[in-house]
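Me: I am new to this structure and would like a close look at a single part of it. Please take one residue and its surroundings, and then connect that place to the spaces and packing elsewhere.

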Amino acid sequence: MSAFIGTAALARLALRLDRVRLPIWVLGLAVMPMGTAANYQKLYPTDADLQAVSGVLSNPSLVAMSGPLFGLNIGALTAWKIGITECILIGLMSILTVVRHTRTEEETGRLELLRATVIGRYAPLTAALIVTAIADVAIGLLAALGLIGVGLDPAGSFAFGLAITLFGLLFAAVAAFAAQLTQSARAANGIAGAVLGGTYLLRAVGDTGPTWLSWLSPTGWALHVRPFAGERWWVALLFVGFAVVFGIGGYTLVDRRDVGAGLLPDRPGPAVAAPALGRPLGLAWRLHRGLLLGWVVALALSGAVMGGAAVGIGNLNSPNQQLTDILARMGGTAGLTDAFLGAIYGIIGQLVAVYAIQATLRLRQEESTGRVEAILATRVGRVRWAASHLVFAVVGTALLLAVAGVAGGLVYGAQVHDVGAQTGRLLGAALVQLPAALVLAGVGVALIGLLPKLTTLTWAALIVSVLLVELGGLFGLNQYLLDVTPFAHVPKLPGAAFTAMPVVWLSVVALALGAAGLAGLRRRDMPIS
C-alpha cells in the first residue's frame, strides 16, 4: 500500500472541518495590506509627507518593533507597517492548522480510527500540509492582488505576497516537525510557537545591533525580500531550503515513531504519586506548569528586549507630528517614550491573552479527550474541577504580565539610571492589561459552558480584537466598532492618566462571562464531543 494513499480524502475532510475557520484567516490577512496601503495613500499624499515620516521611522526603537524602512514610497511604508504582523499571524495560522490535523487527531484517538481504514502512513501529515499550503498561497495571492488593486507596483505587490506565503509555508514545515516530537498537541504548538517568537526577537536584536543576526531569522528574511524597494527574489530560496529541511525531517520522524507517541522520551514518574495529585488543584498545576514556565521565559525576554529598545525613542533629534500620530494610534498620548512603552505593553497584553485562552480552553480539551469523566466520577464537582484550571488562567496571566513589566522596567530603568521608579511604572503598565485579557478568557469559559461545540470561536474573538486595536484607527473605523475589543478600554499607561472605571467594568464583564460559563457547565451534558 502506498504511504500516501488516502491523502486526498483526508485533505477534503480537513477542508470541511475548517470551512469556517480558514476563510476567516484568509480574508482577514488578505485584506489588511490593501486597507493599510489605501489609508497611507490618504495620510501621505505627497513625497514631502513621505520624506518627513521616513526619518522618524528609522529610529532604532521603531526599527526594533517593525523592522527597517527600505524604500520611500507607499508600498514600502505599507510593507513596514503590516509586514511583520502578517508574518506572525500567517505563521501562527500555519502552526495551528498543521498541529490540529496531525497531533491533535492522534491525541484524541480519531487518527487511530481512520488508520484502521485504507490510509497511508504519510497521508495525515501530507493532507495537513496541503490544506495549510492552500491557505498560505491564497493569502499571499489575494494580498498581492489587493495591493495592485489600490495602485501599487505589481512587482512589489507580488514580492510582498510571496514573502508572507513562504513564511507561512516554512512554519507549516516547522509545525510538521514539532508534531512528531511530543505526544501533546499543546506541546507541539508550544515548540513551534517558541520558534516563531524567537525569530521575531532575533530579528529585533539584529535590526538594531549586529545586522547579521537578522539574516538568521525567517522574520528578517521576509523583510529582506524588500517589496517595493528593489526586490530581492533570491531571498525566497532561504525559505524554500529550510522548509524542505523541516519537511523532510517531519516525514522521517513519522517513520520512527508509533501512532500516538512522540520522539521526545517521556520521563518516568515516581512509583507513588505525590499527594497533591489527589486534589484538583494539584493535578491542574501538573497539567499547566510546562506551558506557564515556557511563557514566563518568553515574556521575560520580550519585556527586556522592548524595555531596552524604548531608550532610543528619546534620542530623536526632531520629534514631529507624524511620530506622535503613529504612536498615539498604537496606544499612547503623553511623551514619545511613554507612548512607545504604552504601545509595547498594549501588544504584550494581547500576546498574554493567548496564554489566558490556552489555559482556559484546557477545560474543553480535558472534556473532549474523556479524561474529565474519571475526575467527575469522584467527589469532585464540576465547578471545583473547572475552577482548578481557571486559577491558572487568572493567576498565570497576572504573573506573565508582572514578569514582562518587571523585566522591561529593570532594563529600561538601568539605562536611564532610575530602576526603582521605572520598574514600578512599567509593572503598572503591564498589569493594567489584565482585565482585558481576562475578558477574552471569559469568552472562552462562556462558550465552554453554553456552546461547547463553538469553543474555537474564542480564538476568532482574539484575532478580531487584535485587528481592531492595531488597524482600526488607521482604517478610520467607527469608535463604536473599536469599542468592541476590551483592549480599547485599557488605560494607556505609562503615557496617560490612570482611570479606574474602565478597569472595573472590564473586570465585571470578565466575571459575568465566567459565571455564565460555569453556570452552563453545571447544567449541560458532559462530555460533548
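Reply: In this predicted model, a good place to begin is Ser214, which counts as buried because its relative accessibility is 1%, a value under the 20% that marks the limit for burial. Ser214 belongs to the loop between helix H10, residues 185–208, and helix H11. Its side chain is joined to the side chain of Asp207 by a polar contact of 3.1 Å. When neighbours within four places in sequence are left aside, Ser214 is in contact with Arg203, Gly206 and Asp207, and also with Gly220, Trp221 and His224.

From this loop one can move on to H11, which covers residues 218–224, and to the enclosed spaces of the model. The structure holds 5 cavities of 30 Å³ or more, and the largest cavity contains about 150 Å³ of space. Its lining is made up of 18 residues, of which Ala79, Trp80, Ala222, Leu223 and Pro227 are the closest to the centre. The elements that give two or more residues to this lining are helix H5 (74–100), H9 and H11, and H5 supplies the largest share, with 6 residues. By kind, the lining of the largest cavity divides into 15 nonpolar residues, 2 polar ones and 1 charged one.

Helix H9, which runs through residues 154–178, also holds Gly156. Gly156 is buried, because its relative accessible area is 0%, which is under the 20% limit. Not counting residues up to four places away in sequence, Gly156 touches Pro227, Phe228 and Glu231, and Pro227 is one of the residues closest to the centre of the largest cavity. Although Gly156 and Phe228 are 72 residues apart in sequence, their C-alpha atoms are 4.3 Å apart in space.

Another buried residue is Leu62, in helix H4 (residues 60–66), which counts as buried because its relative accessibility is 1%. Leu62 and Arg232 are 170 residues apart along the chain, and a distance of 23 Å separates their C-alpha atoms.

Finally, there is the packing of nonpolar side chains. The largest nonpolar core has 128 residues, and those that touch the most other members are Phe167, Tyr345, Ile348, Tyr355, Trp385 and Phe487. Tyr345, taken without its neighbours within four places in sequence, is in contact with several residues, among them Ala404, Gly405, Leu426 and Gln433.

Methods
Residues are numbered from 1 along each chain as its sequence is written. This is a predicted model: local features need pLDDT of at least 70, side-chain atom pairs count only at pLDDT 80 or more; totals for chains, interfaces and linings use all residues. Side-chain values use heavy atoms; hydrogens and water are left out. Helices (H or I, at least four residues) and strands (E, at least two) are DSSP runs, numbered from the N terminus. Buried means under 20% relative accessible area, exposed over 50%, partly exposed in between (1.4 Å probe, protein chains only). Contact means heavy atoms within 4.5 Å. On a 1 Å grid over the protein atoms alone, a cavity is a set of points where a 1.4 Å probe fits but cannot get out, and a pocket is an open set with protein on both sides within 12 Å along at least five of seven lines; lining residues have an atom within 4 Å of a point. Grid points are joined across faces, edges and corners, and a volume is the space filled by probe spheres set on the points. Ala, Val, Leu, Ile, Met, Phe, Trp, Tyr, Cys and Pro count as nonpolar, Asp, Glu, Lys and Arg as charged, and the others, Gly among them, as polar. A nonpolar core is a set of buried Ala, Val, Leu, Ile, Met, Phe, Trp, Tyr and Cys residues joined through side-chain atoms within 4.5 Å. A polar contact is a pair of N or O atoms within 3.5 Å; within protein, one must be able to donate a hydrogen and the other to accept it, and residues adjacent in sequence count only if both atoms are side-chain atoms.
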